[in-house]
2 protein chains.
Amino acid sequence: MSNIRDVARLAGVSVATVSRALSAPEKVSEESLSKVQDAIAQVGYRPNMLARNFRSTRSYAVVVLVPDIANPFYSLFIRALEDRAQQKGYAVLLGDTRGTSEREQEYIRRVETRLADGIIQLRPSSEKSQNTIPAGIACVNACGCELTTGPSIRIDNRAAARTMVDYLISLGHRRIGVISGLKDNPHTIDRLEGYKEALASAGIAYDKDLIAEGDFTMWSGLNSAFQFCNMKNRPTAIFSMNDEMAIGAMQTLKSQGIRVPEDMSVTGFDDIAYAKYCDPSLTTISQPAEEMGKMAMDMLLRIIEGEPLSQTECVLPTEFIIRKSTGPAPYQK
Amino acid sequence: MSNIRDVARLAGVSVATVSRALSAPEKVSEESLSKVQDAIAQVGYRPNMLARNFRSTRSYAVVVLVPDIANPFYSLFIRALEDRAQQKGYAVLLGDTRGTSEREQEYIRRVETRLADGIIQLRPSSEKSQNTIPAGIACVNACGCELTTGPSIRIDNRAAARTMVDYLISLGHRRIGVISGLKDNPHTIDRLEGYKEALASAGIAYDKDLIAEGDFTMWSGLNSAFQFCNMKNRPTAIFSMNDEMAIGAMQTLKSQGIRVPEDMSVTGFDDIAYAKYCDPSLTTISQPAEEMGKMAMDMLLRIIEGEPLSQTECVLPTEFIIRKSTGPAPYQK
DNA sequence: TTGTACGCGTTATCAG
DNA sequence: CTGATAACGCGTACAA
């Protein structure tokens, strides 16, 4: 509970000297410095960062807005973000929005009231999905899409999806079901685009009955898969827009006696930790979450500190990972 | 960028009145109130919380120390903690320690320098595993064990483990392998105690060769399981100290042609989301993470605000969940 | 190199 | 009910 004045008094110097001893030791004589250090140790002085932040009108904290922290895909991002922030002396304020814009508003308000210096957005935003973050607030989207406005880090979702579907087609699949995210989710849109491109270039007609709308949860994957099981002319492969839904879908298929990949191939997206361990292990697209988080944080801090940005949008490469959930299309009568 | 003085000037009142209009509107006349509100709207005033916090020597933030945010078990806790903190007007500072006490120190320092008002510890701590949190810092362990000192929320790990092993024994298993966490981890110690108790009361001798040390990761479960596969007299059941290791272990068993549960039963601990969806679904112990997080946060905020604690240690009930990874012991020659 | 003095935006006290 | 003013702890011109 001691303050800088106590230290100054004990050391026999002024508060200014103590302040300098802490933030710019080279501007203080050896003698004063050691006297100050002794005094600090003696009274157990800890600078009051609340006061320091107040003075500098900076909180040295950054809000990370995440739709759901329990989603393992976001966990990877957050770990990278936190790591980087810590390195640079910033704190991460966790903002689990639970998908509601109401909660999002509360966190935005934290920036407006100076409790945070900026925002990392972990939700794909575009012009359509109303971007609720007011202009004038430092913000980087670490998980963007093609239509994202403002600074962002992203992958090429369309190209990645296309790669995946091209691969399925190369295995002989012609009827390829899709388990998508919510219809208006920008990732859904980009990835669906890639799916359509792949079909088109193989001369396969797009059939909207092959699109099942999920919401990126395992549970929705489980349900969507039933839709395909019950079709008279069911698909021979399922392109799921994330790993969790793919895993849920495989569960359903197994329960219906459909073998993966012999009877039906299944693919995921994201490459969460579990994708490698599920049964069969999942063919998927790996996102460089670590790298993306790091870059997003760097970009945000640069904006906050008023440094120039070399680029405002950054597209990182994905990795296509073939595992055991995919195989040749079964013979169709 | 406008401050309370600007508002006061525009509204034609004093700064004190503006301050009161915001924090105690009932102490201000209707007339002044509306003048103030108009002025606030007009200049787009946002109170500077940095100044407010400085004034009140409180940051209204709480550090959540977590060994690894990517661990799905902790995610559930964090979600509950964040939810509760948000409700009560506190922010959550994410403190991913990556298991290092160095990082832990940095976050403790944040409390000492007033950047946070207290700490939620999501690591089982005991007298032995040196508790690095200095006295005088408000701290609650949301994930305690029997030896945890200070305020804590926990489950009865020993009893839960015993319930699980009793169940395996009731299925006819006599040789029950254990995949433990690190040896000195308090959870490991408590759960191992429960294991031993169950064996003892069934008159089964404890065999230390049946204990494989893991580290709570899927990978370590995968490895540990090999140890059992290769034994001449291999166990008929594996009691894994968390779900991830159990899932890893099942992967190994499958790869070795050992069927679960026909040839070998496997059990987990925690009941993470995947436990229900893996194949076969996992018999496990469910911890009330939501409730635990909520209670831990409530307890911490009570300490911070100087309110009396009705109890300093709280033990919550677990749920024993039987799924498909366990079955009768196979016939042994 | 060092010290003095002021300001940052807010709340609390106290007198009106 | 209202207003003037003194804190809160720190950084930093400016003067010495």
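**View 1. Contacts of DNA strand C with the protein.** In this predicted model, a side-chain N or O atom of Arg55(B) lies 3.1 Å from a base oxygen of DNA strand C. A polar contact here is a pair of N or O atoms within 3.5 Å; within protein, one must be able to donate a hydrogen and the other to accept it, and residues adjacent in sequence count only if both atoms are side-chain atoms. Two phosphate contacts follow. The side chain of Thr17(A) places an N or O atom 2.7 Å from a phosphate oxygen of DNA strand C. A polar backbone atom of Ile4(B) is 2.5 Å from a phosphate oxygen of this strand.

**View 2. The protein surface near DNA strand C.** A residue is near a strand if one of its heavy atoms lies within 4 Å of it. There are 23 residues around DNA strand C, and Ser29(A), Ser32(A), Arg55(A), Ile4(B) and Tyr45(B) come nearest. Sugar or phosphate makes up 63% of the DNA strand C atoms within 4 Å of the protein; bases make up the rest. H2 and H4 of chain A, with helix H1 (4–11), H2 and H4 of chain B, each supply at least two residues. H4(B) gives the most, with four residues. Helices (H or I, at least four residues) and strands (E, at least two) are DSSP runs, numbered from the N terminus. By class, the surface has 10 nonpolar, eight polar and five charged residues. Ala, Val, Leu, Ile, Met, Phe, Trp, Tyr, Cys and Pro count as nonpolar, Asp, Glu, Lys and Arg as charged, and the others, Gly among them, as polar.

**View 3. DNA strand D and its surroundings.** Of the 22 residues around DNA strand D, the nearest are Ile4(A), Tyr45(A), Arg52(A), Ser29(B) and Ser32(B). Sugar and phosphate account for 56% of the DNA strand D atoms that come within 4 Å of the protein. A polar side-chain atom of Ser32(B) is 2.3 Å from a phosphate oxygen of DNA strand D. For Ser19(A), a side-chain N or O atom lies 2.9 Å from a phosphate oxygen of this strand. Arg20(B) meets a base instead: a side-chain N or O atom is 2.9 Å from a base nitrogen. Helices H2 (15–23) and H4 (49–56) of chain A and of chain B each supply at least two residues of this surface.

**View 4. The two protein copies.** A turn of 180° and a shift of 0.0 Å along the axis lay chain B on chain A with an RMSD of 0.1 Å. The copies are thus related as by a two-fold rotation axis. In chain B, the C-alpha of Leu93(B) is nearest the axis, 2.4 Å from it. Superposition is by least squares on the C-alpha atoms of residues with pLDDT of at least 70 in both copies.

**View 5. Gln121(A) in its setting.** Gln121(A) lies in strand S3 (residues 118–121) of chain A. At 3% relative accessibility, Gln121(A) counts as buried; the cut-off is under 20% relative accessible area, with exposed over 50% and partly exposed in between (1.4 Å probe, protein chains only). A polar atom of the Gln121(A) side chain is 3.5 Å from the backbone nitrogen of Arg123(A).

**Notes.** Residues are numbered from 1 along each chain as its sequence is written, and chains are lettered from A and ligands numbered from 1 in the order in which they are written. Local features need pLDDT of at least 70, side-chain atom pairs count only at pLDDT 80 or more, and totals for chains, interfaces and linings use all residues, while side-chain values use heavy atoms, leaving out hydrogens and water.
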